[in-house]
Amino acid sequence: MFWLVTAFLLVLPFVYESRNLMILLTQIFIFSVFAMSYDLLLGFTGIVSFGHAMFFGIGAYSIGIFMKRFEPTMVHFLLALVATLVLTAAISFIVGLLTLRLKSHFYAMLTLSLSGLFLVLAEKWRSLTYGNDGFTFRIPEPFIDRTHYYLLCLAVMAAAFMLLKRFTNSPLGRVLQAIRENEQRTESLGFQVLHYKIAASVVSGVLAGMAGILYAMSLRFVNTSVFSMDITLDALLMTIIGGVGTLYGAMIGAGLIEFAHDWLTELAKEHAIFERWIIFFGIIYILVVMFFPKGIVGTLRNVSFRRKKPEPAKKAEKLAG
Amino acid sequence: MDLFFNLTLNGLATGMLIFLLAAGLTLIFGLMDVLNFAHGGLFAWGAYSGLWVYSQTGSFLIGIAGAILTGFLLGIITEKWIIKPVYGNHVQQILITLGLMLVLSEMLKVVWGPNQLTANPPDYLVGAWEVGDVIIIKYRVFIIFVGLLIFGGVQYLLKKTKIGLVVRAGVMNKEMVQALGINIQKVFMFVFMIGSGMAALGGVLLGPYSGVIHAGMGMEFAILAFIVVVIGGMGNFKGSILAAILVGLSGSFMAYYVPDLSLAVNMLLMAVVLLVRPQGLFGAKG
Amino acid sequence: MSDLLTLNGVETHIGQYHILQGISLEVKQGEVTVLLGRNGAGKTTTLRTIMGFSPATKGSVMFKGDTIHTLPTYTIAKRGIGYVPEDQGIFAGLTVEENMKVAIQKDNEETAKRMNWILELFPDLKKFWKKPGGLLSGGQKQMLAIARAYINENELLLIDEPSKGLAPIVVEKVMESIMQMKEQTTIVLVEQNFMMASTIGDRFYIIDDGRTVSHGSMQELKQDEEKKRKYLGIA
């Protein structure tokens with residue numbers, strides 16, 4: 001199924017020419033990567049981060065600064081990639097080390113506050129970031145063509161999906177899911193729960209940084225909004241509405257939210273109420289958390305699963321915790 | 001001397017506002033194990049609704065009452081419809097309260113528009129007293145006064161009344177409280193209401209202090225409140241006022257001497273506390 | 001004598017575990033009914049099910065003729081059931097006085113009378129009246145827990161392993177208090193200490209693997225070596 005859709009998306013730009021659609025799809029691919037990185041934390045390990053924008057923003061600013069300060073060449077692109085890798089890995093490691101041994105509230109709180117700190121940093125460190133207004137930059141030659149860039153983002157999304165699929169199916173990933181189900185039992189089985197959680201935190205952070213790079217390059221512009229709460233909320237909405245712990249859900253969620261965003265922005269030109277479109281998503285999100293904690297994908301799976309073999313409903317609800 | 005005094009006063013006033021927000025957070029957390037990420041939204045709603053009532057009636061005090069009432073109402077609604085259905089599931093709670101935060105802040109923009117509003121203190125709180133060469137801004141003193149009053153009031157409630165006793169018992173052992181014939185749900189609702197009312201009060205007091213209010217201020221202050229809750233110890237009411245004053249003062253002095261680092265210092269403080277004393281600087285309870 | 005409490009085919013699930021798989025018992029007014037059985041057999045869960053902490057998923061719990069297994073814990077408690085949990089459930093940060101205050105439902109003459117009885121029987125509580133409950137010794141905590149359950153005019157007390165971890169001399173004190181309370185109320189006691197169980201118990205139920213497998217009068221059990229060996233591991 002996944003490959004079918006990927007193949008379809010692969011040939012799409014060659015058969016149907018629409019610049020707007022292509023740009024929108026590129027955004028969806030990028031946010032799919034971002035949402036999947038979030039899903040690894042929330043869905044597969046049961047960690048709630050409220051500062052995922054921080055990693056996204058680090059990626060976006062790294063590439064922006066390298067492209068602006070130096071020549072937009074492949075070498076500098078790679079350097080930005082390495083810088084993002086090192087920074088996101090280091091920060092997610094430290095945050096994980098500090099809070100993952102405590103209750104889940106702490107990780108959420110610390111990431112929330114830290115990303116607030118990065119937002120302030122981006123605003124105040126004007127010599128490097130040009131403050132609130134941000135800056136435009138040029139990108140290396142190979143990335144300029146929109147179709148090429150579209151294909152690149154599609155490839156990254158597919159790669160990230162395969163990587164995470166592998167990762168979550170690996171012994172390490174199984175331990176992560178065991179932690180989500182029952183942390184104490186996993187601990188008592190002799191697993192160093194903290195190490196595994198930190199590993200998940202680092203992989204997720206790095207991947208989110210990569211998404212940030214792609215995002216900034218697609219806009220050729222970066223400003224403080226990449227650190228804003230909205231970015232984190234996007235990831236949350238996409239993962240929750242799509243369905244946690246499935247990876248597919250993250251991608252479907254990304255598609256839905258981006259499409260809806262695009263569509264509602266159009267509508268807002270006619271009806272002012274749609275300017276506050278986030279309210280609808282907020283309400284849907286609350287309802288999903290309350291009544292369909294497994295999201296679209298999880299709920300569909302449950303339904304089809306139940307048809308084949310009746311399963312106590314209670315168990316499915318428990319999994320969501 | 002003048003500068004030092006003013007920075008201190010400023011820090012204390014800010015600390016009191018953060019305290020009003022953090023106190024509810026920490027009480028609710030201590031009793032219900034719920035970290036309410038929508039708490040900042042209640043703060044912002046207090047600011048807007050209070051300012052609105054103030055502008056309609058012309059009385060600042062009625063405005064404050066209006067804000068507190070709004071806080072009570074929103075608190076009851078939140079507890080009943082948002083928190084209760086997912087009670088006991090931490091991840092779901094965290095997620096759902098954040099969703100509520102989102103809706104609350106956006107709703108503010110729907111009702112009062114997306115632009116920031118200006119707020120001024122009432123005439124009798126405008127200006128300053130001059131004592132020797134020290135200038136004391138009245139409104140700041142007013143905030144400190146209200147903050148201490150609320151602290152004293154809640155402290156009295158906790159220590160001297162039956163409901164306060166039940167709340168303290170509930171923090172230690174929820175099950176046993178119920179086994180003694182007490183409806184803990186009602187106690188939850190009560191604490192949530194008080195906490196929300198305090199947050200809303202903090203919000204309405206902030207308006208004339210900073211001069212403007214905007215929908216994003218809920219989140220800004222919520223972050224400070226989280227830092228305070230961690231430093232003071234989650235569930236520790238007395239710790240929350242001490243930590244709030246600490247954060248307020250450090251913010252005020254840092255903002256004067258090295259403005260860019262003020263938030264960073266508080267963050268650093270929180271990181272250190274998380275690392276060495278996750279139960280908080282004050283008291284032993286975790 | 002009529003039945004004060006009846007459990008009929010009670011089953012309880014905790015999470016995905018099927019803990020109680022068929023508990024049926026009758027508690028007669030004015031008697032001490034002892035629940036016996038191995039560790040993990042479901043004795044504590046039975047008490048917790050009666051209190052409504054882990055509500056029954058099947059079967060029924062009747063108290064004074066009313067169905068109570070659908071009620072929330074606090075209502076069950078208010079109907080006249082006092083509970084002394086295995087870990088005593090003392091509010092560690094509250095003083096002994098405050099612990100008692102949380103428990104008191106009515107401020108009347110009867111309460112004052114009971115308070116006098118408590119302080120007479122447990123002079124230690126009086127001594128540490130203003131001290132935090134967390135600073136008490138294990139035995140004193142047990143006394144406080146019993147006092148808290150007894151202060152209200154409860155018709156039924158559920159007491160979970162009161163002798164656990166206590167020195168023999170303290171066990172005697174606790175036993176004495178239960179013997180005295182027996183005059184006033186009906187008691188369901190979970191107890192591993194067979195000496196204590198057989199001294200104060202009138203009637204027994206043996207629970208094994210979440211089911212009531214045997215019951216009768218304590219007198220019978222004392223003589224039934226076979227049963228004692230099979231279910232209780234007592235030679």
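This passage describes helix packing, the nonpolar core and one chain interface in a predicted model.

Local features were taken from residues with pLDDT of at least 70 and side-chain atom pairs from pLDDT 80 or more, whereas totals for chains, interfaces and linings use all residues. Residues are numbered from 1 along each chain as its sequence is written, and chains are lettered from A in the order in which they are written.

The largest nonpolar core (buried Ala, Val, Leu, Ile, Met, Phe, Trp, Tyr and Cys residues joined through C-beta atoms within 7 Å; buried denotes 20 or more other C-beta atoms within 10 Å) comprises 258 residues. B:Ile18, B:Leu21, B:Ala225, B:Val228 and C:Leu158 have the most contacts inside this core. Helix H1 of chain B (residues 2–32) gives the most to the core, with 16 residues; helices are DSSP runs of H or I of at least four residues, numbered from the N terminus. In chain C, C:Leu158 is in contact (C-beta atoms, placed from the backbone, within 7 Å) with C:Leu47, C:Ile50, C:Met51, C:Ile81, C:Tyr83, C:Val84 and C:Val188, residues up to four places away in sequence being excluded.

H1(B) packs against H9(B) at an angle of about 55°, with the axes 8 Å apart; axes are lines fitted to C-alpha atoms over the stretch in contact, and angles run from 0 to 180 degrees between N-to-C directions. The two helices are therefore oblique to each other, a class left after roughly parallel (under 35 degrees), roughly antiparallel (over 145) and roughly perpendicular (65 to 115). The contact joins B:Ile18, B:Leu21, B:Ala22, B:Leu25, B:Thr26 and B:Phe29 of H1(B) to residues of H9(B) that include B:Phe221, B:Ala225 and B:Val228. It contains eleven nonpolar, two polar and no charged residues, where Ala, Val, Leu, Ile, Met, Phe, Trp, Tyr, Cys and Pro count as nonpolar, Asp, Glu, Lys and Arg as charged, and the others, Gly among them, as polar.

Helices H5(B) (residues 138–160) and H6(B) (residues 162–172) pack at about 80°, with their axes 5 Å apart, and are therefore roughly perpendicular to each other. B:Leu157, B:Leu158, B:Lys159 and B:Lys160 of H5(B) meet B:Gly164, B:Val167 and B:Arg168 of H6(B) in this contact, which has three nonpolar, one polar and three charged residues.

Between chains, 33 residues of chain B are in contact with 34 residues of chain A. On the chain B side, helices H4 (90–112), H9 (217–232) and H11 (262–276) each supply at least two residues, and H4(B) provides the largest share, 15 residues. This side of chain B divides into 26 nonpolar, four polar and three charged residues.

Technical notes
Contact = placed C-beta atoms within 7 Å. Buried ≥ 20, exposed ≤ 12 C-beta atoms within 10 Å, placed from the backbone.
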